[in-house]
There are 2 protein chains.
Amino acid sequence: MLIVQKYGGTSVGGLDRIENVANRVAQARKAGNDLVVVVSAMSGETNKLISYAEHFSKTPAKAEMDMLLSSGERVTAALLAIALQEMGVDAVAMTGRQAGIKTDNNHTYARIESIDTTAMDSALESGKVIIVAGFQGINDENRVTTLGRGGSDLSAVAIAGALKADACEIYSDVDGVYTTDPRIEPKAQKMDFISYDEMLELASLGAKVLQNRSEELAKKLGVKIVAKSSFSDAEGTVIAKEIEEMEEVLVSGIALDRNQARVTVRGVVDRPGIAAEIFTMLADEQINIDMIIQNASADGTTNLGFTVPESEIERAKKVISEFDHDISGMDFDSNVCKVSVVGVGMKSHSGVAAKAFSAMARNNINIDMISTSEIKVSMIINADYGELAVRTLHATYELDK
Amino acid sequence: MLIVQKYGGTSVGGLDRIENVANRVAQARKAGNDLVVVVSAMSGETNKLISYAEHFSKTPAKAEMDMLLSSGERVTAALLAIALQEMGVDAVAMTGRQAGIKTDNNHTYARIESIDTTAMDSALESGKVIIVAGFQGINDENRVTTLGRGGSDLSAVAIAGALKADACEIYSDVDGVYTTDPRIEPKAQKMDFISYDEMLELASLGAKVLQNRSEELAKKLGVKIVAKSSFSDAEGTVIAKEIEEMEEVLVSGIALDRNQARVTVRGVVDRPGIAAEIFTMLADEQINIDMIIQNASADGTTNLGFTVPESEIERAKKVISEFDHDISGMDFDSNVCKVSVVGVGMKSHSGVAAKAFSAMARNNINIDMISTSEIKVSMIINADYGELAVRTLHATYELDK
């Protein structure tokens, strides 16, 4: 089997932990696997380097930031290769460039365009374990680029896709994907399997194992992901294509996202393009919009509701206030959260959403906004009721069974 | 003027010091110069990375060490470029690879083979100040290499040569080359000018400003070096080709090297090749030999004297003892030092050496070994008399004037 393993910052967050990772890699090697191991910077390193840069400039040039930030992963990759060699494992460390990772020119948030696997192919052929510095590539100007937060996951998934690996194991400090956050609901169960689409919804809703970009790439390339802990031998959760034959599960998990603030723009003049104008202005200010709700117009004006990350609410207010001639007013509420029910089974079963609303009502939890997709129902509620809502829904769909 | 500046680890050993360097670079830029700035890792960084590697292995693979160690210079280069951009200076950071530095495959001690200046030329042409990560290049297998201790000086000199720069300024915490160590002789004078050959002798004799490899490369490429302090505005010392017209100076400096141990091999059988055998064995064990003295054979045997760095004396003993059938015995003395008189003027003037010997005799300093070249006289003496010898010789040649 050809396996790509990825170890995050916490898993390599110290020399002893790198030693631990080396032991795991050596074991996987002993079991007869071909291995490419992608590593992040030691935890804390990237933030340290960012703080150095910010000592000099609030807006450091992105190309220079990439040269700066890409150094952390190189250190981990070299150290892990050295540790493995000492254990008698024939290992070679590669930078993103050496591994053939070509990206576009979008410094600090580059997209992988292609992977030239020549160097990796020949290293694998000669029996070497390859250690790749994650999070980085090279653009067509020969400059180092980085892939943004969570970039090492992207590196791993893209490499797994390019090498047609049998699996891409993502190691972190959690041992898989749970039906909900175990700190909120101790009865939460670890899932053995979850589909790409469900995981995408769960990830974007606050149950972070993989970032969305990596999930999307895995889905696109058909890379089988296994989410595992580097601190235990637990089985982990497989994230892959939905399997037709598997027993149908209506709801697979409940997610809670506390980083939400609700904005309601009242009395928006109902002329074509006004919503587009507002959201273009928000996008220009780099404000991330999550849910958007607009009701049909009644009296020539309409109400526009949306949510933004809590930290961006002040900037959102400023943008909206510039539309004062086209609106009658606005409300803000930072004390909200988003609770979501996710499951591929919803596609083919009605009544899942209704069941959620009933459960909320039974517990006197008022729902401010609702948004649904084929595989999820999201509700914005008062933040004080977030945990109660999660536990209620978890029980309602019998996820503790 | 096109100037290459190089700032060592102490000069960039903290964020405030990098800011200070940025100010200097900005000033040189304002004065109308084109600039390429080569930087070392922040002081302490390289040793920290080495200690990390040694946590895992006493003999880490050299290719991986290079990937590890090259990261420190990249951090400094990126930070300095960011600091300069913030000051309004159009700066770009380059790794050794991006600057076009090609080396051989000798990892951790690579030699620069060529510099492809395409990227630097075009950056200079578009008015940019280039910041290059020193100490590193790339080999023909596309892997990062490092140039060994003092490698950033080598990078700077090689770049200055390739770009035909008007000067290569080497910044450190000393403000130039002195007639002798001012901690020994407070009357020591800073020199305005010294020739490559004299500097080579002084450097190898313990007056370190530049390492020999960089000196030799500067001489070969005809690069004018200026040794300066990054902590003061003092003029510094120019190291360049000997100028015919300049007023002839007999002796330019006195150097002291305490890291010496003397070995005398007695009764060496006088057969062809025995000395070669002994020194080959020592070289195979990576023992550095400095002075070698052999007298003409008298009774079919001869005495062979040489010096090694003090730390290598035990290993030297072990090698020599394997020749027990061809020698009658050996003496060792670790309590010695080497004091040297250096000056191009000696070439054409007799009596310089005699003057030194007389001065030593007047002060009852016994000379164990003598070695001379065209531009230096070196003497091995008892370590206890080292400082006295330096002061005596400094006064003898009137270097305090």
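Trainee: I'm counting two strands as paired if DSSP finds at least two bridges between them. With that in hand, which residue stands opposite Lys376(B) in β18(B) on the β17(B) side?

Mentor: That's Ser373(B). Keep in mind that we're looking at a predicted model.

Trainee: Noted. How many bridges join β17(B) to β18(B)?

Mentor: Six, and the two strands run antiparallel. A hairpin connects β17(B) to β18(B), using two residues to do it.

Trainee: And which residue of β16(B) stands opposite Lys376(B)?

Mentor: Val342(B) takes that spot. Strand β16(B), residues 329–342, is joined to β18(B), residues 376–382, by seven bridges, and this pair is antiparallel too.

Trainee: Zooming out, in what order do the strands of that sheet come?

Mentor: Going across, you get β14-β15-β13-β16-β18-β17 in chain B. That makes an open sheet of six strands with antiparallel pairing.

Trainee: Which are the edge strands?

Mentor: β14(B), residues 292–294, and β17(B), residues 367–373; each of them pairs on one side only.

Trainee: By what angle are neighbouring strands turned against each other?

Mentor: On average 25°, if you ignore direction.

Trainee: Let's hop to chain A. Where does β1(A) sit, enclosed or out in the open?

Mentor: It's largely enclosed by the rest of the structure, because five of its six residues (the strand covers 2–7) are buried.

Trainee: Which strand do bridges join to β1(A)?

Mentor: β2(A), residues 34–39, through six bridges, and here the strands run parallel. One example is Val4(A), whose bridge partner in β2(A) is Val36(A).

Trainee: What about the domains of chain A?

Mentor: The assignment gives two entries: domain 1 is 2–173 and domain 2 is 253–396. Taken over C-alpha atoms, their centres are 37 Å apart.

Trainee: New topic, the two copies. What rotation puts chain B on chain A?

Mentor: A turn of 179° with 0.0 Å of shift along the axis, and the RMSD comes out at 0.2 Å. That's the relation of a two-fold axis. Within chain B, the C-alpha nearest the axis belongs to Ser71(B), at 2.5 Å from it.

Trainee: How many residues does each chain put into the contact?

Mentor: 28 from chain B and 28 from chain A. On the chain B side, the elements giving two or more residues are α2(B), residues 45–56, and α3(B), residues 62–86. Of these, α3(B) gives the most, with 14 residues.

Trainee: What's the mix of nonpolar, polar and charged on that side of chain B?

Mentor: It splits into 17 nonpolar, seven polar and four charged.

Trainee: Why do you say the copies meet through the same surface?

Mentor: Because 100% of the interface residues of chain B are also interface residues in chain A.

Trainee: Can we pick one residue to look at? Where is Ala78(A)?

Mentor: In helix α3 of chain A, residues 62–86.

Trainee: Is Ala78(A) buried or exposed?

Mentor: Buried: 31 other C-beta atoms lie within 10 Å, and the cut-off for buried is 20 or more.

Trainee: What does Ala78(A) touch?

Mentor: Leaving out residues up to four places away in sequence, Ala78(A) touches Ala93(A) in its own chain, plus Glu64(B), Met67(B) and Leu68(B) across in chain B.

Trainee: And how far is Ala78(A) from Tyr196(A)?

Mentor: They're 118 residues apart in sequence, and in space 33 Å, C-alpha to C-alpha.

Key
Residues numbered from 1 in each chain as written. Chains lettered and ligands numbered in written order. Predicted model: local features only at pLDDT ≥ 70, side-chain atom pairs only at ≥ 80, totals over all residues. Least-squares fit on C-alpha atoms with pLDDT ≥ 70 in both. Contact = placed C-beta atoms within 7 Å. Helix = DSSP H or I, 4+ residues; strand = E, 2+ residues; numbered from the N terminus. Nonpolar A, V, L, I, M, F, W, Y, C, P; charged D, E, K, R; others polar. Axes fitted to C-alpha atoms, helices over the stretch in contact; angles between N-to-C directions. Domains from an automatic or database assignment. Buried ≥ 20, exposed ≤ 12 C-beta atoms within 10 Å, placed from the backbone.
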